[in-house]
Amino acid sequence: MKRLLMTGAAGALGRAMRGRLAHLAEVVRLSDIADLGTAAPHEEIMPCDLGDAAAVHRLVESCDAILHLGGISVEDKFSKILNANLLGLYNLYEAARAHGQPRILFASSNHTVGFYRQDEHVEADAPMRPDGLYGVSKCFGEALARMYFEKFGQETALVRIGSCMEKPTNHRMLSTWMSYDDFAALIACVFRAPMLGCPILWGISDNDSRWWDNSHAAYLGWRPRDNAEHFRAELELSPGRPETSSPLAVYQGGMFTQDPIFTED
C-alpha cells in the first residue's frame, strides 16, 4: 500500500509497532496528541485530537489502511473516554467513509468480556460483559464498526487485545499475553487478506493457557508463534501466584473489575 495511518502512535503499542510496520507501506502516517519525535524518511507525523472531526478528516485523507490504536487505554473519567473512544471513533469512521473506506484494524480489548471468569471459555460471539467504562467504550467501538460494515461495507478487524507487551508480568497474562511480533504479524495479515469482513479476533499469542481461540478467523492466515508458557517459571518466582480470591485469579479482566467509576473533578 502507499500510505498506512497509525493513530495512538506515541503510546506503548504504537512505539512498539512503529519500527515493525515500515515494510507494509511506502509511507506510515503517525498521529497522536503526544510528542512523536522526529519522522524517519518513510514517515509522516500529523498530530491530531480524535475529538476534532475536521482534523480527523484531514488525517484520514489519502490513507489506504488505518491501524487505530488511539484513545484512552485504561479506566478513566467518562469525559476523557467519551472524547477519545466514542466521539473520536465516530469521527474516524465518518472520515473513512468520506475517503474511500480504507480497511481498519480497531484495537478493541479483552475488557469487553472482563467479567467472565477465568474458568470459562469465551467464544467471539458470546455476550459482552465489560468490566468498566473503558470496556464499555470498546463495546461501543465494536458495535459502531459492525454498523458501518453492515450499512456501508466498511471492513474492520476488531482485535480484542489481551496483554500486548514485551513479556507477561503476572499469572493472568499467561492466558492473555500477545507478543509484539505476533501483533505485527496479525496487522500484516489483516491488511493483506483478500477478504476481511468484520471479524472479532482475540489478540493473544499461542499460549498454552488461554480462554479464547481464533479458529473462526483461520481464513486470515495468522499463526502466532510466541507462547507465554516460556515465562511461567519466572512468574512463579516473581510476582508469584495471586490469592485465589483476587480478581487477578478470578476474572478474565483482572483488576479492571475492581476499578471504581472515576468521577469528574
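**Helix packing and sheet order in a predicted model**

Reader: What is the hand of the crossing in which H2 passes H3?

Author: H2 passes H3 in a right-handed crossing. The model is a predicted one. The term right-handed applies because the near helix is turned clockwise from the far one by less than a right angle.

Reader: What makes H2 and H3 oblique to each other?

Author: Two packed helices are described by the angle between their axes and the distance between the axes. The axes of H2 and H3 cross at roughly 45 degrees and come within 9 Å. An angle under 35 degrees would count as roughly parallel, and the range from 65 to 115 as roughly perpendicular. The value of roughly 45 degrees falls in neither class, and H2 and H3 are therefore oblique.

Reader: Which residues of H2 and H3 meet?

Author: Ala53, Val56, His57 and Val60 in H2 meet Asn91, Leu92, Glu94, Ala95, Ala96 and Ala98 in H3. This contact of H2 with H3 divides into 7 nonpolar, 2 polar and 1 charged residues.

Reader: Why is H3 called roughly parallel to H4?

Author: Helix H3 (residues 78-98) and helix H4 (residues 133-152) pack at an angle of about 15 degrees, and their axes are 10 Å apart. Angles under 35 degrees count as roughly parallel, and H3 therefore receives that description with respect to H4. The crossing in which H3 passes H4 is right-handed.

Reader: How do you know what kinds of residue make up the contact of H3 with H4?

Author: On the H3 side, the residues include Phe78, Ile81, Leu86 and Arg97. On the H4 side, Leu133, Tyr134, Lys138 and Phe152 are among them. The contact of H3 with H4 divides into 13 nonpolar, 3 polar and 3 charged residues.

Reader: What makes E3 and E9 the edges of the sheet?

Author: The open sheet has 7 strands in the order E3-E2-E1-E4-E5-E6-E9, with parallel pairing. Strand E3 (43-45) and strand E9 (200-203) each have a single partner strand, so one side of each is left without a neighbour in the sheet. From one strand to the next, the twist averages 20 degrees.

Reader: How do you know that E6 and E9 pair?

Author: Two strands pair if there are at least two bridges between them. Strand E6 (residues 156-161) and E9 share 4 bridges in the parallel sense, and that number therefore meets the cut-off of at least two. In E9, leucine 201 is the bridge partner of valine 159.

Reader: What is notable about the backbone at serine 62 and at proline 239?

Author: Serine 62 has a phi near 75 degrees, a positive value in a residue other than glycine. Serine 62 lies in the loop between helix H2 (53-60) and strand E4 (65-68). The peptide bond from serine 238 to proline 239 is cis, with omega near 10 degrees. Proline 239 is found in the loop between helix H7 (232-237) and helix H8 (247-250).

Notes:
Residues numbered from 1 in each chain as written. Predicted model: local features only at pLDDT ≥ 70, side-chain atom pairs only at ≥ 80, totals over all residues. Heavy atoms only, no water. Axes fitted to C-alpha atoms, helices over the stretch in contact; angles between N-to-C directions. Helix = DSSP H or I, 4+ residues; strand = E, 2+ residues; numbered from the N terminus. Parallel < 35°, antiparallel > 145°, perpendicular 65-115°, else oblique. Contact = heavy atoms within 4.5 Å. Nonpolar A, V, L, I, M, F, W, Y, C, P; charged D, E, K, R; others polar.
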